[in-house]
Amino acid sequence: MLLKENIPVKYVVGKIKNELLLVAVYAVSIALFHRFFPEYRISIPIAVPAILATIISLLLAFRSNQAYDRWWEARSIWGAIVNDSRSLTRELITFLDGDNAACEEVEGFKKRFVYRQIAWCYGLSQSLRKQDPYAKNAHLLVDEEVKFTHRFTNMPNSLMKLHGLDLKLAYKNGWLNDYQQVQIDGTLNRLCDSMGKCERIKNTVFPVTYSLYIHFCLYLFIILLPFGLIEFFGMFEVPLIIAIAAAFLLVEKMAIHLQDPFENKPTDTPTTAISQTIERDLKQMLNDKHESEKAAVQPAAAKADVYYIL
């Protein structure tokens with residue numbers, strides 16, 4: 001999702017256009033009724049809708065805060081996924097080692113592992129949005145891995161199992177020592193925790209009864225508002241009621257969108273963009289390994305020479 005882009009006004013208004021149309025028809029009807037049938041004029045003290053507005057404001061504020069907490073937690077989790085993915089790649093590049101005969105095999109192992117981690121990020125993003133988990137990562141997996149993942153309902157979890165099996169293979173082949181194996185396994189555990197946290201947010205719905213209470217109070221407020229304003233504004237109460245109703249409805253709609261950060265909407269956590277960033281960084285780390293090793297060795301050698309001369 002493009003959170004940095006300006007959301008069009010048409011998109012914002014379009015979310016409540018049906019509600020605003022009903023409010024406009026209702027407000028015009030009340031105004032016309034009071035004008036042409038003054039003997040049946042109904043008015044209520046403005047304090048009544050004002051008290052309701054205060055109650056609704058408190059309810060909406062609480063719901064908006066809770067919804068934003070869910071959205072921010074989702075963004076924090078994906079920030080941790082970025083960090084752990086980079087750490088995993090760095091550990092694979094720096095830890096894994098083999099003799100000259102197995103050097104090519106080790107390099108292929110690293111590439112397969114890193115590409116699978118990129119696929120895991122895309123797969124998790126797509127799965128949370130109830131989309132095809134293979135849509136963006138089929139080119140990152142080999143055929144055997146794709147066949148293996150089709151045996152599982154949870155595709156990202158199957159890739160995590162492959163991570164564990166490959167880690168066991170690397171340790172068995174002597175490419176990792178005990179401490180390195182434990183370190184990489186800890187990184188995989190953190191990634192697994194992040195996946196579970198995302199699934200918890202996705203599968204935990206906001207209480208329906210709380211939404212019903214807010215809806216009831218909001219619609220009661222809108223129904224009573226024209227009778228409190230008609231005595232002061234006459235026909236001008238129509239645009240005023242529409243504006244006030246729009247403000248409350250937009251706040252409620254914003255909270256509804258934020259409470260589900262994995263629904264593929266402009267207000268979502270930008271998991272696709274984050275996955276693309278992970279893909280770029282991990283591929284650069286993998287492809288520039290030899291250049292980075294050369295750059296890291298040269299300054300150390302120069303420093304050693306200077307120390308020896310002194």
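Which helix holds both Lys 283 and Glu 279, and how many residues apart are they? Both lie in helix H10, four residues apart, or about one turn of the helix. The legends below take that pair and several other sites in turn, all from a predicted model.

**View 1. A salt bridge within helix H10 joins Lys 283 and Glu 279.** The two side chains meet at 2.9 Å, N to O. Lys 283 is partly exposed, with a relative accessible area of 22%, whereas Glu 279 counts as buried at 15%.

**View 2. Asp 166 and Arg 116 form a salt bridge between two helices.** Here the N to O distance is 2.5 Å. Asp 166 belongs to helix H6 and Arg 116 to helix H4, so the pair ties together parts that are 50 residues apart in sequence. Both partners are worth a look for their surroundings: Asp 166 is buried, with a relative accessible area of 10%, and Arg 116 is buried too, at 1%. Widen the view a little to find a network in which salt bridges with shared partners join Arg 112, Arg 116, Glu 145 and Asp 166.

**View 3. Glu 19 meets Lys 253 in a salt bridge.** The side chains are 4.0 Å apart, N to O. Since Glu 19 sits in helix H2 (residues 17-36) and Lys 253 in helix H9 (residues 237-258), the pair ties together parts that are 234 residues apart in sequence. Glu 19 is partly exposed, with a relative accessible area of 22%. The model has 12 salt bridges in total.

**View 4. Arg 129 is buried but has no salt bridge.** Look for this residue in the loop between helix H4 (103-128) and helix H5 (143-149). The nearest side chain of opposite charge is that of Asp 268, 4.3 Å away, while a salt bridge requires a distance within 4 Å. The side chain of Arg 129 does reach the backbone oxygen of Thr 269, at 3.1 Å.

**View 5. The largest nonpolar core contains 44 residues.** Trp 78, Ile 81, Leu 96 and Trp 120 touch the most other members. Helices H3 (47-95), H4, H5, H6 (155-172), H7 (178-203) and H10 (271-287) each give two or more residues to this core, and H4 gives the most, with 12. Beyond its neighbours within four places in sequence, Leu 96 is in contact with Glu 91, Val 106, Phe 109, Lys 110, Trp 175, Leu 176 and Ile 184.

**View 6. A second, separate core has 25 residues.** Its members include Leu 20, Leu 60, Ile 222 and Ile 230.

Definitions and conventions:
Residues numbered from 1 in each chain as written. Predicted model: local features only at pLDDT ≥ 70, side-chain atom pairs only at ≥ 80, totals over all residues. Heavy atoms only, no water. Buried < 20%, exposed > 50% of the residue type's maximum accessible area, 1.4 Å probe, protein only. Lys, Arg positive; Asp, Glu negative; His and termini not counted. Polar contact = N/O pair within 3.5 Å; in protein donor to acceptor, adjacent residues only side chain to side chain. Core = buried A, V, L, I, M, F, W, Y, C linked by side-chain atoms within 4.5 Å. Contact = heavy atoms within 4.5 Å.
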